[in-house]
Amino acid sequence: MKNIPEVSVLQFLRSALQILKNPLPFHHKNFKVKGDTFRLNLGFTKTVIFSRDALFAQHALQKNQKNYHKSPIQTKDLAKYVGKGLLTSNGKHWSKQRKLIQPAFHKKQLAQIIAKIDQAITAELNKVAVNKPFDIFPVFNDLAFQTVVQSLFSSAVDQKSINRLQYITESAQNMMVRELRQPYLGWWFKVSGKLRDTLKLTQEARQILDKLVDERIASGQKENDVLDMLLDARYEDGVAMDREQLLDEILILFTAGHETTSNALTFTAELLARNPEVQERIFEEVQQVEGLELMEQLKGMRFVNNVINESMRLYPPAYFIDRISLEEDSISGFKIEAGVNVLFSIYEIHRHKDFWENPESFNPDRFEDDSLKYSPYYYPFGAGPRMCIGNNFAMYEMILAVAQLIKKFKIAHKEEPIEINPLITLKPKNSILKFIPRNI
């Protein structure tokens, strides 16, 4: 067995400020020097294995996934804000919840709420400022949040509650980023009350959601939305989810369901601004499917689908996937000890020259070959049993949003490099674009 190349704690501490701002250059440098898998020493015998070895990722996420559970980053750090739901649990609890919730995200069920998603997109895109430089991220952020709200609650939630839920969701994420990037300040977050205040906010979010659930049950009406599906879902023994578990799952849908989508849509718009010929191909395809039922439109917008896949290859919202090994294992000639944290860099795998031709270039046509979407080199929604449960929902939403955007506007050409802000997810930065109305 080979020893995994190591990065010393001294190198880590020297780069601490840089890592806080953007860890990707630090990791990229180490991958270039150390190879596709390296061990980062964090001090006090604590280490993390970083890997951009796609076969290692496939091994841990699919082939030997039972030995690689979600790490405490999600099961503890994130769970304290959103509870023990599908995203933040392991083992039997996760398996039980996945089996219960999966039917709510089948394509047939999504067809019932697709019109609500499309209406939410239309309303939010009306907020795009035209013929002047404009930061598109807040619009896409609101759009993604509104589609989750509409899909969950139909129109039963007031704007004040939506704004508050959005604020709380983003505040909790910002606090978690600080905890992960600055573990040495853990004592200060507790003593200063910052952690307490954020946890208090998440309790407020639960109270808002609890009231919405009470109102739905009291109304006796069926909206055929995700909330109805979750309320109607039954475990194998015929018992429904208890209220706390239901709130956990709803909070996780808010957190996971809007953040990644708004990021992906913004990066897609940034890429389209740099590729006007791709905009025109989208526009032609959208015109061809106009007038069809929404689900038929989605099936017909193959090129839009490819554009989004290529955007998520270059800028994967979930740019790292974390796991912890339960038992000792081996892969690619390396021994993986039991209880070690492993972080797979999806950002690096998606840009690895061994897997992709001209990896830095934006080429949606590479996804014309459907097999690439299911290859061991492409992980926009994860892989294996723990692949994102909302992947179909997200793709439908993004295809409709991009189609509507390009039907309404041309995005003026932009040449400056795309800026990123890696937090819990890979976020865009300074997404200032100019939208020119199409005269149609």
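**Entry 1: Pro422 and its hairpin**

I began with Pro422, which counts as buried at 0% relative accessibility, where buried means under 20% relative accessible area, exposed over 50% and partly exposed in between (1.4 Å probe, protein chains only). I note for this and every later entry that the model is predicted, that local features need pLDDT of at least 70 and side-chain atom pairs pLDDT 80 or more, whereas totals for chains, interfaces and linings use all residues. Residues are numbered from 1 along each chain as its sequence is written, and side-chain values use heavy atoms, with hydrogens and water left out.

Pro422 has its place in strand β11, and its C-alpha lies 8.3 Å from that of Tyr319, a residue 103 positions away in sequence. Helices (H or I, at least four residues) and strands (E, at least two) are DSSP runs, numbered from the N terminus. I then followed β11 (residues 419–422) to β12 (residues 426–429), with which it pairs in the antiparallel sense over four bridges; two strands pair if DSSP finds at least two bridges between them. The two strands form a hairpin with three residues between them, and Glu419 stands opposite Lys429 in β12.

**Entry 2: the six-stranded sheet**

I next traced an open sheet of six strands, which has the order β1-β2-β3-β9-β6-β4 and mixed pairing. At its edges stand β1 (6–7) and β4 (68–69), each with a single partner strand, so one side of each is left without a neighbour in the sheet. For β4 I looked up the pairing with β6 (residues 320–325), which is antiparallel over two bridges, and found that the bridge partner of Tyr68 in β6 is Ser325.

**Entry 3: salt bridges**

How many salt bridges does a search of the whole structure find? It finds 29, a salt bridge being a side-chain nitrogen of Lys or Arg within 4 Å of a carboxyl oxygen of Asp or Glu.

I looked first at Asp36 and Arg52, which form a salt bridge with their closest N and O atoms 2.7 Å apart. Asp36 lies in the loop between α3 (24–34) and β2 (37–43) and Arg52 in the loop between β3 (46–51) and α4, so the pair ties together parts that are 16 residues apart in sequence. Asp36 is partly exposed at 27% relative accessibility, whereas Arg52 is buried at 12%.

The side chain of Asp36 also makes a polar contact with the side chain of His352, at 3.2 Å; such a contact is a pair of N or O atoms within 3.5 Å, where within protein one must be able to donate a hydrogen and the other to accept it, and residues adjacent in sequence count only if both atoms are side-chain atoms. His352 lies in the loop between α17 (346–349) and α18 and is buried, with a relative accessible area of 5%.

I then took the salt bridge of Arg274 with Glu270, in which the closest N and O atoms are 2.8 Å apart and both residues are buried. The side chains of Arg438 and Glu280 meet in a further salt bridge, 3.2 Å from N to O. Arg438 lies in the segment after β13 (432–437) and Glu280 in helix α14 (residues 276–289), so this pair ties together parts that are 158 residues apart in sequence. Arg438 counts as buried at 11% relative accessibility, while Glu280 is partly exposed at 29%. I also recorded that salt bridges sharing partners join Glu6, Arg39 and Glu337 into one network.

**Entry 4: positive phi angles**

I checked two residues other than glycine that have a positive phi: Asn358, with a value near 45°, and Asn430, with a value near 55°. Asn358 has its place in the loop between α17 and α18 and is exposed, with a relative accessible area of 52%. Asn430 lies in the loop between β12 and β13 and is partly exposed at 43% relative accessibility.

**Entry 5: the second largest pocket**

Which residues lie nearest the centre of the second largest pocket? I found Asn305, Lys373, Tyr374, Asn392 and Met395 there, out of a lining of 28 residues. On a 1 Å grid over the protein atoms alone, a pocket is an open set of points where a 1.4 Å probe fits, with protein on both sides within 12 Å along at least five of seven lines, and lining residues have an atom within 4 Å of a point. The elements that give two or more residues to this lining are α4 (54–63), α15 (294–300), α16 (302–314) and α18 (391–408), and the largest share, five residues, comes from α18.
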